[in-house]
Amino acid sequence: MSEVYLSLGSNLGDREENLKRAVFELEHWEGIILKKLSPIYETKPVGYLNQDMFLNIAVEVETNIGPYDLLKVVNEIEKKLKRERLIRWGPRTIDIDILLYDDIELKDEVLSIPHPRIWERAFVLIPLSDINPFIKKGDVYIKDLIAELPDKEGVKLYKENWYNGV
Ligand SMILES: Nc1ncnc2c1ncn2[C@@H]1O[C@H](COP(=O)(O)OP(=O)(O)OP(=O)(O)O)[C@@H](O)[C@H]1O
Ligand SMILES: Nc1nc2c(c(=O)[nH]1)N=C(CO)CN2
C-alpha cells in the first residue's frame with residue numbers, strides 16, 4: 001500500500017457540501033482507504049484573484065492504485081461533482097490534486113508528483129502540516145516553509161471535525 005496526500009478545494013456552490021461529497025467518494029472507492037482529514041480552511045484565491053473565497057482541505061489516503069490510475073479516479077470524482085474548467089485557476093465546485101505519492105518523483109505531460117506548485121501555496125501546506133507535520137521538502141519541514149509564505153495570512157481556520165459521512 002502507498003501513502004498518498006491529496007489537496008481538495010472548492011469555491012463554487014455549497015463549498016462544504018462539495019468537500020464532503022468528494023471525501024465520501026474517496027472513502028467509498030475500491031482500493032482507497034481514508035486515513036486522515038485536515039480541518040477546513042477558508043482561503044483567499046491565489047493565481048486568478050477575481051473569484052470567491054475557497055474552502056481547502058488536505059487528505060491522507062492509503063491505496064494500491066498507481067499514480068496514473070489515481071489521477072483518473074480523482075478526475076472521475078471531479079466530473080461526478082460537475083466540475084467545469086472555464087478559466088485557468090478559476091472557480092470550481094471541486095479540485096483534487098495529488099500532492100505526494102510515497103517518495104515518488106515523476107513529471108510528464110499528464111502528471112507531476114510532487115505537485116509542482118505545492119511548496120509555494122499556504123492553502124495547501126497549512127492543512128497538510130495539520131495531518132502530517134513531519135513532511136519535508138529536502139531538509140526543510142513544511143512548517144518552516146509556511147512561515148516564509150506571503151499568502152499564509154489569507155488562510156483562516158473555518159471548521160474542525162466537519163466530516164461524519166454525508
Ligand atoms: N499532481 C497532480 N495532481 C492533479 N493533476 C495533475 C497533477 N500533475 C499534473 N496534473 C494535471 O494537471 C491538469 C490540470 O489540472 P487542473 O485543471 O486541476 O489545474 P488547476 O487545478 O487549475 O491548477 P493547478 O495545477 O495549479 O492546481 C490535470 O488534467 C492533470 O493532468
Ligand atoms: N485559495 C485557493 N486558491 C486557488 C486554489 C485553491 O484551491 N485555493 N486552486 C487553484 C487552482 O488549483 C488556484 N487558486
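**Figure 1. Overall view of the predicted model of the protein.** A compact globule of 166 residues would have a radius of gyration near 15 Å, and the protein, with 15 Å, agrees with that expectation. The C-alpha trace spans about 40 × 35 × 35 Å along its principal axes. The protein contains 4 helices and 10 strands, and from the N terminus on these elements follow the order β-α-β-β-β-α-β-β-β-α-β-β-α-β. Of the 166 residues, 36% are buried. When contacts between residues at least 6 apart in sequence are considered, 72% of them join residues at least 24 apart. The mean pLDDT of the protein is 93, and 94% of its residues reach 70 or more. For the complex, the predictor gives an ipTM of 0.93 and a pTM of 0.94.

**Figure 2. Close-up of helix α2, residues 67–80.** The 14 residues of this helix should span 20 Å at 1.5 Å a residue, and the end C-alpha atoms of α2 are indeed 20 Å apart, which agrees. Leu70, Val73, Val74, Ile77 and Glu78 are the buried residues of α2. Viewed down the helix axis, the buried residues of α2 fall within an arc of 140°, so they line one face of the helix. An α-helix has 3.6 residues a turn, so residues three or four places apart point the same way. The face of α2 turned away from the buried side carries Tyr68, Asp69, Lys72, Asn75 and Lys79, which are exposed.

**Figure 3. Surroundings of the buried face of α2, and the residue that follows the helix.** The buried residues of α2 pack against two strands from the earlier part of the chain, β1 (2–10) and β4 (54–63), as well as against helix α1 (15–27) and strand β5 (95–101). After α2 comes Lys82, a residue with a positive phi, near 60°.

**Figure 4. Close-up of helix α3, residues 122–131.** Of the 10 residues of α3, 7 are buried, so the helix is largely enclosed by the rest of the structure. These buried residues are Ala122, Phe123, Val124, Leu125, Ile126, Pro127 and Leu128. The elements that cover them include the strands β1, β3, β4, β5 and β10, together with helix α4 (142–147). Strands β1, β4 and β5 also pack against the buried residues of α2.

**Figure 5. Close-up of strand β3 and its pairing with β10 and β4.** Strand β3 (residues 40–43) pairs with strand β10 (residues 155–159) in the antiparallel sense, over 4 bridges. In this pairing, Ile40 stands opposite Lys159 in β10. Strand β3 also pairs with β4, again in the antiparallel sense, over 3 bridges. Here Thr43 stands opposite Phe54 in β4. The strands β3, β4 and β10 are among the elements that cover the buried residues of α3.

**Figure 6. Close-up of the loop between β7 and α3, with Pro114 and Pro116.** Pro114 lies in this loop, between β7 and α3. The peptide bond that joins Ile113 and Pro114 is cis, with an omega of about -5°. Pro116 is found in the loop between β7 (112–113) and α3 as well. Pro116 is exposed, having 10 other C-beta atoms within 10 Å, where a residue counts as exposed at 12 or fewer. Although Pro116 and Leu99 are 17 residues apart along the chain, their C-alpha atoms are separated by 8.4 Å.

**Figure 7. Close-up of Asp102 and Asn161, two residues with positive phi.** Asp102 is not a glycine, yet its phi is positive, at about 45°. This residue is found in the loop between β5 and β6 (106–107). Asp102 is exposed, with 11 other C-beta atoms within 10 Å. Asn161, likewise not a glycine, also has a positive phi of about 45°. Asn161 lies in the segment after β10, and it is exposed, with 8 other C-beta atoms within 10 Å.

Methods. Residues numbered from 1 in each chain as written. Chains lettered and ligands numbered in written order. Predicted model: local features only at pLDDT ≥ 70, side-chain atom pairs only at ≥ 80, totals over all residues. Expected span 1.5 Å × (residues − 1). Buried ≥ 20, exposed ≤ 12 C-beta atoms within 10 Å, placed from the backbone. Arc of directions from axis to C-beta. Contact = placed C-beta atoms within 7 Å. Pairing = 2+ DSSP bridges. Rg over C-alpha atoms; globule rule 2.2 N^0.38 Å. pLDDT = per-residue confidence, 0-100.
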